[in-house]
Amino acid sequence: MTILEAMEARHSVRSYRSAPLDAGAAETLRQAIDTCNKEGGLHIQLVTGDPKAFDTRMAHYGKFSGVQHYIALIGPKGDQLDEKLGYYGQRLVLLAQTLGLNTCWVAMTFGKGAAKSRCSIAPGEKLVCVLALGYGTTQGVPHKSKPMEALCQAPAPMPQWFRQGMEAAMLAPTAMNQQKFQISLDGSRVTARSLGGFFSKVDLGIVKCHFEMGAGKENFTWAS
């Protein structure tokens with residue numbers, strides 16, 4: 001399965017089978033997490049065999065069941081932290097899908113205290129959210145998307161690489177499926193901005209990850 005195929009196949013899953021992670025898959029994820037941490041200056045961690053973080057009132061309210069593994073998205077506090085964790089977290093989400101694993105972004109409906117007790121969080125660092133991880137009892141369902149023209153601004157005719165980037169961005173998960181982002185093109189420079197809302201900076205990082213993979217990094221530069 002390619003990364004682009006993983007984008008199409010991957011949907012949020014909240015119900016999981018009580019099964020340990022395949023050892024090879026877990027090691028592949030750990031290596032990828034190490035790479036993300038080095039590139040992004042982050043402290044993302046894989047936690048396995050911990051049902052307590054999702055055995056809380058909030059987790060039950062969020063309709064989670066059987067979650068025993070998760071990826072804790074942690075990094076040094078700062079204005080760019082949420083977007084960075086969205087970007088690198090989604091890279092891990094797509095990798096997990098290629099490994100036969102299911103995932104779900106979880107911002108509020110988990111036991112943050114329980115998760116913190118299983119992680120190493122240095123002074124000045126923050127646990128922003130987690131990725132539920134494991135073998136789903138289902139494969140989830142696709143989310144509806146706004147039309148492409150509502151999510152971007154680009155001159156006509158739209159370059160093929162930009163269209164492919166937008167098609168990938170439309171597959172990106174966002175909080176409550178709000179898709180509160182706008183992507184615009186000026187020459188070969190692309191601007192992605194958040195339109196506000198719940199966890200919108202994390203969403204922006206996720207969307208930029210998808211756009212970049214769909215469009216090809218060699219075809220454009222991000223506007224600062």
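Which residues have the most contacts inside the largest nonpolar core? In this predicted model, the residues in question are I44, I71, F162, I183 and F211, and the core to which they belong has 50 residues.

**View 1. The largest nonpolar core and the elements that supply it.** At least two residues of this core come from each of α2 (23–40), β2, α4, β4, α6, β6, β7 and α7. The element that gives the most is α4, with 8 residues. A second core, separate from this one, has 18 residues, and Y16, A53, F54 and I74 are included in it. As a general background to such views, nonpolar side chains in soluble globular proteins tend to be buried together.

**View 2. The surroundings of I44.** When residues up to four places away in sequence are not counted, I44 touches I33, C36 and N37, and also I71, A72, L73 and I74. The remaining residues touched by I44 are L85, Y88 and L92. I71, one of these neighbours of I44, is also listed with I44 among the residues that have the most contacts inside the largest core.

**View 3. The open antiparallel sheet with the order β1-β2-β4-β3.** The 4 strands of this sheet pair in the antiparallel sense, and because β1 (45–47) and β3 (102–106) stand at the edges with a single partner strand each, one side of each is left without a neighbour in the sheet. On average, and with direction ignored, neighbouring strands here are turned by 25° against each other. Helix α4 (residues 81–98) lies across β2 (69–76), β3 and β4, and runs at about 165° to β3.

**View 4. Strand β4 and its two pairings, with β2 and with β3.** The antiparallel pairing of β2 with β4 extends over 8 bridges, whereas that of β3 with β4 (residues 125–134) extends over 5 bridges. L133 in β4 is the bridge partner of H69, and L133 is likewise the bridge partner of T103. For C104, the bridge partner in β4 is A132. Of the 10 residues of β4, 9 are buried, so this strand is largely enclosed by the rest of the structure.

**View 5. The open mixed sheet with the order β5-β6-β7-β8.** This sheet is formed by 4 strands with mixed pairing, and its edge strands, β5 (152–153) and β8 (221–222), each pair on one side only. Helix α6 (residues 160–169) packs on the sheet, where it touches β5, β6 and β7, and the direction of α6 makes about 170° with that of β6. Helix α7 (residues 200–215) lies across β6, β7 and β8, and runs at about 150° to β7. Within the sheet, β6 and β7 pair in the antiparallel sense over 6 bridges, and S184 stands opposite T191 in β7.

**View 6. S188 in the loop between β6 and β7.** S188 has its place in the loop between β6 (181–186) and β7 (189–194), and this residue is partly exposed, with a relative accessible area of 40%. Leaving aside neighbours within four places in sequence, S188 is in contact with N219, F220 and T221. S188 and N219 are 31 residues apart along the chain, and their C-alpha atoms are separated by 7.1 Å.

Technical notes
Residues numbered from 1 in each chain as written. Predicted model: local features only at pLDDT ≥ 70, side-chain atom pairs only at ≥ 80, totals over all residues. Heavy atoms only, no water. Pairing = 2+ DSSP bridges. Axes fitted to C-alpha atoms, helices over the stretch in contact; angles between N-to-C directions. Contact = heavy atoms within 4.5 Å. Buried < 20%, exposed > 50% of the residue type's maximum accessible area, 1.4 Å probe, protein only. Core = buried A, V, L, I, M, F, W, Y, C linked by side-chain atoms within 4.5 Å.
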